[in-house]
Structure formats: structure tokens, C-alpha cells
Amino acid sequence: MEALRQELLAVFDAEYRDHLRVVRDILAGGAVEGRAVSEIFRRVHSLKGAARVVERADIETIAHALEGRLFRLLEEHRPAGADDLAAIGAAMDQIDARMQDAPEAAEPGGAARDEGGAGAVADGSGADSYVQVPASRLDALVGVVQDMMGIAERQDRLWADLEDLAAAARRTGPAGDPAAELARLTRALSALSRERGRIAGQADRAMMRLDEEVRAVTLVPAGTVFGSLSGMVRQIAREHGGGEVTVRLLGMDVRADRRVMQALRDPVIHLLRNAIVHGLESADRREAEGKPARPVLTLSVRMLGVRLLVSVCDDGRGPDLEAIAARAIRQGLMQPDDPRLPETLLALVFAPGFSTRAAADRLAGRGMGLSVVAEAARALHGTARMEAGQPWGTVVTMAVPVSRRQRTTLVVEAGGMTIGLPGRVIERLARVRQADIRMADGRAYFTLDRRRAPAGEAGGEAALVPVVPLAAFLGRPEAALPVHGGALSVVVLGMADGGCCAFAVDRMLEVRILHVSDAGAVGLDSALIPGVGWPRGDRPVFVLNPDTLLERWRKAGATGGHFDGAADAAREARAPARRVATVLVVDDSITTRTLQKTILQTHGYDVLLATDGVEALSLLHRSPRRIDVIVTDVEMPRMDGFALLDAVRSDPGLSRIPVVLMTSRNEEADIRRGLDGGARAYVTKQGFEQGELLDIIRGVL
């Protein structure tokens with residue numbers, strides 16, 4: 001019976017959140033009358049009945065009292081007045097607070113369970129907890145499985161046809177025409193080979209779809225985790241003496257990994273409390289500054305690429321930079337004559353023990369809130385940042401990967417290992433000539449333009465960047481800077497204080513989204529290498545923790561390696577000098593252009609971009625750089641890829657440049673037209689693999 005009750009409590013937890021979300025959405029929509037009152041009544045009535053089933057008499061009592069009030073509104077055909085709206089909101093806050101405080105309604109560790117769409121499934125987290133999955137997602141999963149079963153059947157038929165063909169070959173006697181029989185068998189084998197290729201392609205696409213759909217099921221709306229916080233915030237504000245506050249929740253329909261959302265819940269609560277303590281102002285001050293009478297706290301969730309951005313902002317007085325600087329000087333975090341740059345000062349507030357409050361109370365002043373936020377973001381391979389709001393107030397944003405399992409990663413080779421560096425910390429990829437390396441106090445440096453000048457202006461912001469071999473932090477402390485082709489491949493990492501440093505690698509391989517597993521069980525240095533990615537068919541990628549890498553770099557005094565000039569000179573004497581090849585990418589899709597540019601630059605190529613054939617021809621004629629290969633789309637405005645190919649081939653000054661057509665047009669006639677027209681290769685986007693493109697470019701060069 002106890003097991004059944006725990007299961008019912010889990011389902012009730014999801015149901016109450018759904019009712020709570022709908023009621024709050026109705027209240028936020030403005031006037032509540034007619035059908036809106038009926039919907040709230042229905043929700044409260046259902047909640048009361050469900051509470052009775054799981055023996056939550058406290059919630060049943062609150063719901064019953066609210067139900068009576070709503071019934072009178074319906075009976076008298078009256079819209080909800082201000083007192084009614086306040087009573088509805090207060091009752092829902094009370095129910096929410098009781099559910100948050102109840103240990104039996106939460107997962108181990110205090111994390112509340114989730115809800116989302118339509119149809120509950122166990123989440124496999126140990127205790128029986130549930131997420132609601134939209135039925136459309138389940139339908140999509142069923143569809144993918146059916147597709148894969150169809151592919152398996154076609155595979156079986158293919159093998160049967162192959163066995164029939166082999167049997168026919170064995171039955172062929174000496175009386176037949178060997179040449180004709182061989183031709184027939186060759187045609188049949190060719191047809192089976194083409195069918196096998198089609199089946200393999202369909203299987204790969206089905207597996208990718210299955211992977212996407214399974215991952216989508218693990219994503220939950222932000223409202224399932226953060227939607228219940230508004231009532232708690234209002235209660236904290238009342239207890240803190242700030243009176244009533246308006247709580248705005250934005251982006252609650254954004255979906256992300258459930259575990260990521262849950263891991264952010266406590267840090268968000270810290271930020272909301274911090275906003276109440278530091279952001280609330282007196283009514284007189286607010287009126288004098290032209291602010292709304294009631295303070296506004298906003299919790300927003302949004303997606304930026306593959307990163308989840310969770311922000312808490314208030315409309316209070318904003319960060320006190322002078323107070324932050326004074327506190328930092330007292331704690332030895334900065335010197336009195338250090339530059340007081342806003343971004344540097346605002347990064348200091350995340351240090352443990354840092355607080356500008358003169359005295360601690362129950363909510364704040366011990367300096368732990370923001371350090372907890374920063375640590376939680378780092379644990380998720382993300383960052384935390386504070387900035388001044390516009391036109392007033394303070395904004396704190398945590399940026400983390402959407403999924404704990406997926407990370408956008410630069411894959412490199414260093415020290416004989418395949419290494420992954422999270423994209424969030426990479427400021428720049430660069431090729432640095434050996435001649436541009438300067439030595440000072442035993443350290444290697446190069447000059448980097450960190451901020452490009454505006455168009456038409458000269459110069460930019462140049463910085464002297466220390467560079468060390470990444471291999472020096474991977475068990476090879478005496479590693480020399482890896483010079484290849486007269487230059488270093490370096491990854492420039494940005495630091496929280498605005499500075500940067502560079503790590504030299506043997507080779508940059510690719511940028512890709514990796515599924516990352518915990519590396520703890522592998523016996524590695526888990527502080528430096530917390531995860532391992534497993535690309536299909538490739539070697540494992542050891543994903544570094546950039547915070548640990550930078551910390552060790554600082555402790556090493558930025559001398560984690562040496563520059564062996566004699567050894568490098570000897571290597572260079574054996575290796576012929578190479579000019580960096582330039583690739584012209586022509587495509588009207590900015591996404592495709594950006595992707596190809598990133599891939600090619602990562603592998604050491606210079607890249608020029610054009611949006612169509614007309615712009616490409618203009619670049620070919622006027623660019624001072626020698627273009628070594630053209631990669632072009634076919635479908636483009638003004639001049640398509642076929643016309644560009646014809647123009648290049650008919651121009652004596654350009655005809656030497658190899659052209660690679662890369663397009664979604666995969667009909668045999670189009671392929672033949674391109675190759676007959678002089679293209680060196682024809683790549684279809686449907687089966688695009690960046691390794692194939694790189695192999696083709698290396699081949700034509």
C-alpha cells in the first residue's frame with residue numbers, strides 16, 4: 001500500500017503543477033469572468049478531489065474554501081473582483097508552498113518532480129517520479145520505430161535476394177554464355193549494392209531521428225520547475241518587509257533537460273532572494289525615479305543556440321560599483337590602484353564570502369548566495385554573469401548547456417590524445433606564425449587583435465597573449481610548442497577577468513555536438529577531464545573542464561611548457577614551407593556559409609564568403625588573395641552554381657581553380673551536368689559529412 005501511495009503522490013505532484021500553471025495563466029491574462037471563472041472552478045474542484053485521494057487534508061481544505069468562493073461567483077454571474085483575484089492568488093500560493101515543503105511530494109534531495117504534456121512516464125531517477133510527455137512525442141517515437149522495422153525488413157529481403165543470386169550463379173552450367181551470364185550477375189550485384197546503400201542511408205537517418213526524439217522526451221518546459229516560484233517570492237518579500245511585489249515569469253514554455261532545470265532551481269531561488277534583499281526600494285524613492293509603485297522581479301528563460309539562459313532581474317537601484325570595489329579591496333581581491341572596470345567588479349561578486357551588506361540576516365549578508373550560483377553554473381559547464389539592468393536594476397544570468405549530455409565542443413589533438421574544449425570559453429581560433437612568437441622571462445607570447453576596428457577605421461585593440469602547449473597539462477610537462485608548417489594552431493580562451501590565454505595544439509579537427517558521459521569511472525583526472533564523448537566510429541574525445549585548465553595554468557605561472565627553438569628549427573628544415581590555402585564558399589544560406597567557414601577555418605584554411613555566383617565572380621576578379629578552391633551551392637539567386645562553374649571554366653585566368661559543387665539537388669542528371677561541366681566533385685547536402693568535404697578539398701589541392 002505504501003508503494004501505491006508514493007506513486008499516487010508522484011502523479012498528484014504533476015497534476016497540481018498543471019492546475020497551478022493554468023490558474024496563474026488565467027490570472028495573468030487580465031479580467032476573469034464567465035468561462036475563465038468556470039475554468040478556475042473546475043481546476044480547483046479537481047485539485048480538491050485529488051488531494052482527498054492522496055490524503056492531503058491541508059490542501060483539500062484550502063481548495064474547498066476557494067471552491068466555495070468561486071461557486072458563489074458562478075451562481076451570481078459575477079466577474080472576479082480585486083478581492084476575489086487576491087484570494088485566488090493567495091490560495092494557490094498557499095497550496096504551492098505546502099507542496100514545496102512536503103518531503104513526500106519531492107524527489108530525493110528536495111527537487112520537485114516535473115510535468116509537461118499529456119501522458120506520464122517514469123523518469124528513471126531512482127525514486128518513482130514522473131514527467132508528462134506530449135502525445136505527439138510518443139507518436140513520433142512510434143513512427144521512428146515503425147520506420148526502423150521497415151528498414152530491417154528491407155535488409156532481410158536484400159540478403160534473401162543476394163542468396164538467390166548466389167544460388168543462380170551456382171546453377172549456371174557450362175552450356176550457358178559465360179560472358180552474358182557474368183554481365184547479368186554484374187548488373188544484379190550493382191543493383192543490390194545500390195539498394196544496400198539506400199538502406200544504409202535510411203538506417204542512419206532513422207537512428208538520428210530516434211536519437212533526437214528520445215532526447216526530446218527528456219526535455220521539460222521551464223514552467224514545470226520554475227513556475228511555482230512566484231508565490232514563494234511574494235511570501236519572502238512580505239516577510240522581508242517589502243510589501244507586495246510583482247513577479248513576472250517569461251519563457252516558461254522553453255524546454256531543456258530536466259536534470260539541468262532541476263540543478264538550476266536552487267540557484268534561481270538564491271538569485272530571487274538576493275533581488276529582494278538588494279533590489280527593493282522605498283515607495284518614495286521609486287516614485288521619485290519614475291518607477292512603478294510595486295517592485296517588479298522578472299525570471300526569464302530563453303534559448304540561445306544550444307545554451308539555456310536563465311536570468312533574474314529586478315528594477316531596483318542596480319549594482320553599487322563603489323561598494324563592490326571597497327569590499328574587494330578589504331578582502332584583498334583587488335588593489336586600490338587597480339582599474340575599476342564594471343565587468344571586472346561585477347565578476348568579483350561571485351567570489352565565496354563576498355557581500356556588500358554590513359550585517360547578515362536570515363536571507364542574506366553571509367556572502368554565499370552568489371558563490372553558490374556561480375558554482376552551480378560551473379558544475380553544469382556554464383557561466384554566471386551580473387550586469388546593470390536597463391534603464392535600472394540588476395540582471396544576473398546563468399548560461400548553461402541545454403542538456404547535461406550534449407555539449408558543443410572543439411575537437412583537437414594534443415599530446416597524443418583527442419581532446420574536447422567546450423565552445424563557451426573559446427574566444428578565438430588562430431594560426432600564429434613561428435616568426436611572430438616572442439619570448440620574455442621564459443614565456444612565449446604573441447600579439448592578438450582582440451577587438452577589430454570598425455569599418456573604415458584603422459587599428460583595433462591589441463593584446464599580448466601568453467601561449468603554452470596544451471600537452472603540458474596532459475601529462476607531458478616538458479612538451480614544446482607544437483610548430484607545424486611554420487606556425488602554431490592555437491585556441492584562445494577568455495577568462496572571467498577579461499584577460500585571455502592561448503593553448504597550442506597539434507591539430508584542430510572539428511566542431512561538433514558531443515554526447516558526453518561521466519569520466520569518473522574511467523580512472524582519469526576527473527577534475528580536469530570530467531567527461532568523455534564517444535563520436536560514432538571514432539576514438540573517444542576527452543572533454544576538458546576549462547575552469548580547472550585555467551586554474552592550473554595560473555598556478556603554473558603560464559609556463560606549462562617551453563619553446564624549443566633548435567628543435568623547431570630542425571623540424572622546419574625537414575618540412576617544406578606551406579602557404580595556407582584559401583577556399584571561396586558560395587551559398588545564399590547564411591547558416592550553411594557559417595557552418596562551412598567554421599569547419600574550414602578549424603582545419604587551417606583561409607575562407608572567403610559569397611552569397612551567389614555574381615558576388616563570387618567579383619571576388620575572384622578583385623581579391624588580392626589567391627583563391628585555391630571554390631565550394632559552391634547550385635540553387636542561388638542572380639547566378640546559380642552551374643552558371644558560376646561555366647563562367648570559371650571559360651575564363652583563362654580562373655579555369656585552373658577547382659570547383660566543388662555542394663547542393664541538395666541529387667538527381668543523376670544534375671550530377672552528370674556538374675561533372676561534365678568541369679566540377680571536380682559533386683557533394684549532396686542530404687548526406688553531408690564534414691570529413692568528406694575536407695577529404696575532397698585536400699584531394700583537389
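**A parallel sheet and a helix pair**

In strand β22, aspartate 606 is the bridge partner of threonine 582. This pairing belongs to a predicted model, in which β21, spanning residues 582–586, and β22 are joined in the parallel sense over 5 bridges. The two strands form part of an open sheet of 5 strands, arranged in the order β22-β21-β23-β24-β25 with parallel pairing. The edge positions are taken by β22 (606–610) and β25 (681–684); each has a single partner strand, so one side of each is left without a neighbour in the sheet. On average, and with direction ignored, neighbouring strands of this sheet are turned by 20 degrees against each other.

The pairing can be followed from β21 into β23 and β24. Strands β21 and β23 run parallel and are joined by 4 bridges; within this pair, valine 583 has valine 629 of β23 as its bridge partner. A further 3 bridges join β23 to β24, again in a parallel arrangement, and here valine 631 is matched with valine 660 of β24.

Strand β23 is covered on both faces. Val629 and Val631 lie on one side, Ile630 and Thr632 lie on the other, and all of these residues are buried. Valine 629 and valine 631 thus appear both among the buried residues of β23 and in the bridge pairs with valine 583 and valine 660, respectively. Helix α18, comprising residues 641–650, lies across β21, β23 (629–632) and β24 (659–663). The direction of α18 is at about 175 degrees to that of β24.

A separate element of the description concerns two helices. The axes of α2 (residues 35–53) and α3 (residues 57–75) come within 9 Å and cross at roughly 155 degrees. This angle makes α2 roughly antiparallel to α3, because angles over 145 degrees are assigned to that class. The crossing of the two helices, α2 and α3, is left-handed.

The contact between these helices involves residues of several kinds. On the α2 side, the participants include Val37, Ile40, Phe41 and Val44, together with His45, Lys48 and Arg52. On the α3 side, the residues met by α2 include Ile59, Ala63, Leu66, Leu70 and Phe71, as well as Glu60, His64 and Glu67. Sorted by class, the contact of α2 with α3 has 12 nonpolar, 3 polar and 4 charged residues.

Conventions
Residues are numbered from 1 along each chain as its sequence is written. This is a predicted model: local features need pLDDT of at least 70, side-chain atom pairs count only at pLDDT 80 or more; totals for chains, interfaces and linings use all residues. Side-chain values use heavy atoms; hydrogens and water are left out. Axes are lines fitted to C-alpha atoms, for helices over the stretch in contact, and angles run from 0 to 180 degrees between N-to-C directions. Angles under 35 degrees count as roughly parallel, over 145 as roughly antiparallel, 65 to 115 as roughly perpendicular and the rest as oblique. A crossing is left-handed if the near helix is turned anticlockwise from the far one by less than a right angle, and right-handed if clockwise. Contact means heavy atoms within 4.5 Å. Ala, Val, Leu, Ile, Met, Phe, Trp, Tyr, Cys and Pro count as nonpolar, Asp, Glu, Lys and Arg as charged, and the others, Gly among them, as polar. Two strands pair if DSSP finds at least two bridges between them. Buried means under 20% relative accessible area, exposed over 50%, partly exposed in between (1.4 Å probe, protein chains only).
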